[in-house]
Structure formats: C-alpha cells, structure tokens
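The following note comments on one structural model, point by point. It is meant to be read with the sequence and coordinates at hand.

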Amino acid sequence: MGDIAKDLTAGTVGGIANLVVGHPFDTIKVKLQSQPSPAPGQLPKYAGAFDAVKQTVAAEGPRGLYKGMGAPLATVAAFNALLFTVRGQMETLLRSEPGAPLTVKQQVVAGAGAGLAVSFLACPTELIKCRLQAQSSLAEAGAVSGVALPKGPMDVARHVMRDAGIKGLFKGIVPTMGREIPGNAIMFGVYEAVKQYMAGGRDTSGLGQGSLILAGGLAGGALWLTVYPTDVVKSVIQVDDYKKPRYSGSIDALKKIVAADGVKGLYKGFGPAMARSVPANAATFVAYEITRSAMG
C-alpha cells in the first residue's frame, strides 16, 4: 500500500475517533456561539455550557448532542484523507532525504499547507453542521416567520442552494481559512514539538500511547487557544440568514460581536471547545498513529 493510501486510511480512522469523542462538545459550543444577544434586562437563552447541555437533553434527548453529525461523518473520510495526505506529501517535499524526521518548523509549514487544502471542504461541511446545531435558536425565528426549518444535512444543503446557490455553501470561507491555516500549523507544530521533547530528539518512533495522547491533547488545546475568535466569527456568519443577513462580512461580524458583548463575545462557547479539544485531538492522533504503524 502506498503512502497516500496509508495516510488516507489512517486519517479516516483518526477523523472518526475525533468525531465520536468530540461532537457533543462541538454542539454545545455552536449553540453558545450562535445564541443572539439578549435584549436589555433579559437573560440569554443559555446561562452557560452546563445549562445548554441540560436544555438540549431536555428538549431533544441525548441524541440532540449529536445533531448535525451526519454532515461531518459523511465527509470525514475525504476531509481527513485531504488533511493527512497533503501533510504527508508536504513532509516528503520538505525532507532533506527520504525517511528523515522533520523539524518542528517544517511540521508547521506542512500543517499550514494541509490547512489551506481542507478549508474548501471544511467550509460547506461546517456550514451545514452549524445550521443544524443552532436550530433550537433558529427555530424561534422560524416559528415567528412561519418558515419551515430543514430536517437534516441534505435538506439544509437544499435550503441553502435554493436561497443562495452553490456559492451559499461557501459562506464563511474567509474565516474558515483563517482558522484552518494557522490552526493546523500550530496543531501539527505543537504535536511534533511535544513528541520530540518527550523523546529527547527527532526520533519519536519509540513513544508509547500515553505520550501520543498527551501530545495530541496539548496540540488540540493550542489550536483553539490560537484561533477561537476566528471560529466564533465563522459560526455566526454561517448561521446568519441569507435573505436578511445581520453581517456583511467577517470584519462586520467581528465589530458587531465586540460592540454587543465586548471581547468576551469572541469567546462564547470557549469552555466546551477546550473541553472537546483535548480528548478529541488525542483520539485523532492516537488512532492515526496506531493505524499508520499497523500498515507499515
């Protein structure tokens, strides 16, 4: 089996592990990010992450925490194939000689290139996922306007294309790239730096699963610490109405979020995101490394 096929297979397994572990946290993150600012004197729909969990489970049952999972699950193979394959190919280009381990700086470059590539797949997938996850707040607007809300990933895609055409699926592409490029650069760089630190050098082949879990978890945490405000901007743009948008673009969304909620508005849902990032990214890297090693 060639390296590309190995990266595709291992990346798919890693992506599925990430999704199963992390999706409930992601659902709560998006609900907190997308809830509208309350009117003066009124309380927000969700008091915090735990309140969002309680309201979601009470209204929809535990499966409500996995709402919107169909879209990323359907594309997880392609997304992770692209991420890990592009990263693998960039590693090949950056190596001084075949089989030579890369430096941390080279891993940062490889991660950035992979992030650019996956942005174009991540944008429509995340748009569908976010619009499904935010339906509890969108439902209130829908009830007022009499507009029926979509019932699943394909229905969301049809609604979006009806209102805005194919380009509507790429709403939020700029903040998506602003998240994926630096985010993956940081994630792969930190992952490699932690592994090399624990291994005492560039040869990290002898590290056990515990070390990989630690490195993967820290890498995921570093990603969200770096790009979280960009993710908030992406989420509010992607759940925005197509016919009567509140935001004209990323900068406008950023200004309005800060004007309404202050800088803390850029960190709505930060707790669930960080709680998700450590176990989900640890699962991704461990699943990837184990699968990749098993294939030789």
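**Comments on the predicted model**

1. Among contacts in the protein chain between residues at least 6 apart in sequence, 79% join residues at least 24 apart. The model under discussion is a predicted one, and the points below should be read accordingly.

2. Secondary structure. The protein chain contains 10 helices and zero strands. Read from the N terminus, the order of elements is therefore α-α-α-α-α-α-α-α-α-α, under the DSSP-based assignment of helices and strands.

3. Overall dimensions. For 296 residues, a compact globule would be expected to show a radius of gyration near 19 Å, and the 20 Å of the protein chain agrees with this. Along the principal axes, the C-alpha atoms occupy a box of roughly 60 × 35 × 35 Å.

4. Surface and burial. Of the 296 residues, 48% count as buried. The accessible surface of the protein chain amounts to about 13,700 Å², and 66% of this belongs to carbon and sulfur atoms.

5. Annotation. According to the unreviewed UniProt entry, the annotation "repeat: Solcar" covers residues 2-93, 102-197 and 207-294. In the model, the span 207-294 is 76% helix and 0% strand, and its end C-alpha atoms lie 15 Å apart.

6. Aromatic pairs. What is the count of aromatic pairs under the rule of ring centres within 6.5 Å? The count comes to eight. In one of them, Phe84 and Phe188, the ring centres are 6.0 Å apart and the planes meet at 90 degrees, so the pair is classed as edge-to-face. This pair links distant parts of the chain, given that Phe84 belongs to helix α3 (residues 70-94) and Phe188 to helix α7 (residues 173-199), 104 residues apart. Phe84 has a relative accessible area of 2% and is buried; Phe188 is likewise buried, with a value of 0%.

7. A second edge-to-face pair. Tyr267 and Phe270 also form an aromatic pair of the edge-to-face kind, with 5.6 Å from centre to centre and 80 degrees between the planes. Are the two residues buried or exposed? Tyr267 is partly exposed, its relative accessible area being 36%, and Phe270 is partly exposed as well, at 23%.

8. Ring cluster and a charge over a ring. Phe84 and Phe188 recur in a cluster in which ring pairs link them with Tyr191, Phe285 and Tyr288. Elsewhere in the list of side-chain features, the charged end of Lys171 sits over the ring of Tyr242, at 4.3 Å from the ring centre.

9. Thr27. This residue is found in helix α1 (residues 3-34). Its relative accessible area is 0%, so Thr27 counts as buried. With neighbours within four places in sequence left aside, Thr27 is in contact with Gly64, Leu65, Tyr66, Lys67 and Gln133. The separation of Thr27 from Lys67 is 40 residues in sequence and 7.2 Å in space, C-alpha to C-alpha.

10. Val57. Helix α2 (residues 49-60) contains Val57. Its relative accessibility of 32% places Val57 in the partly exposed class, because that class lies between the limits of 20% and 50%. Beyond its neighbours within four places in sequence, Val57 is in contact with Pro62 and Leu65. Val57 and Val13 are 44 residues apart in sequence, and their C-alpha atoms are 28 Å apart in space.

11. Gln196. Helix α7 also holds Gln196. Its relative accessible area is 14%, which falls under the 20% limit, so Gln196 is buried. When neighbours within four places in sequence are set aside, its contacts are Leu102, Thr103, Val104, Gly201, Arg202 and Thr204.

12. Lys151. Where does Lys151 lie? Lys151 is in the loop between α5 (135-145) and α6 (153-164). A relative accessible area of 82% is over the 50% limit, and Lys151 is therefore exposed. The C-alpha atoms of Lys151 and Ser34 are separated by 19 Å, with their positions 117 residues apart along the chain.

Key: Residues numbered from 1 in each chain as written. Predicted model: local features only at pLDDT ≥ 70, side-chain atom pairs only at ≥ 80, totals over all residues. Heavy atoms only, no water. Phe/Tyr/Trp six-rings, centres within 6.5 Å; stacked < 30°, edge-to-face > 60°. Helix = DSSP H or I, 4+ residues; strand = E, 2+ residues; numbered from the N terminus. Buried < 20%, exposed > 50% of the residue type's maximum accessible area, 1.4 Å probe, protein only. Lys NZ or Arg CZ within 6 Å of the ring centre and 35° of its normal. Rg over C-alpha atoms; globule rule 2.2 N^0.38 Å. Contact = heavy atoms within 4.5 Å. Areas by Shrake-Rupley, 256 points an atom, 1.4 Å probe, with all protein chains shown as cover. UniProt positions renumbered as here; feature names shortened; annotations may be inferred.
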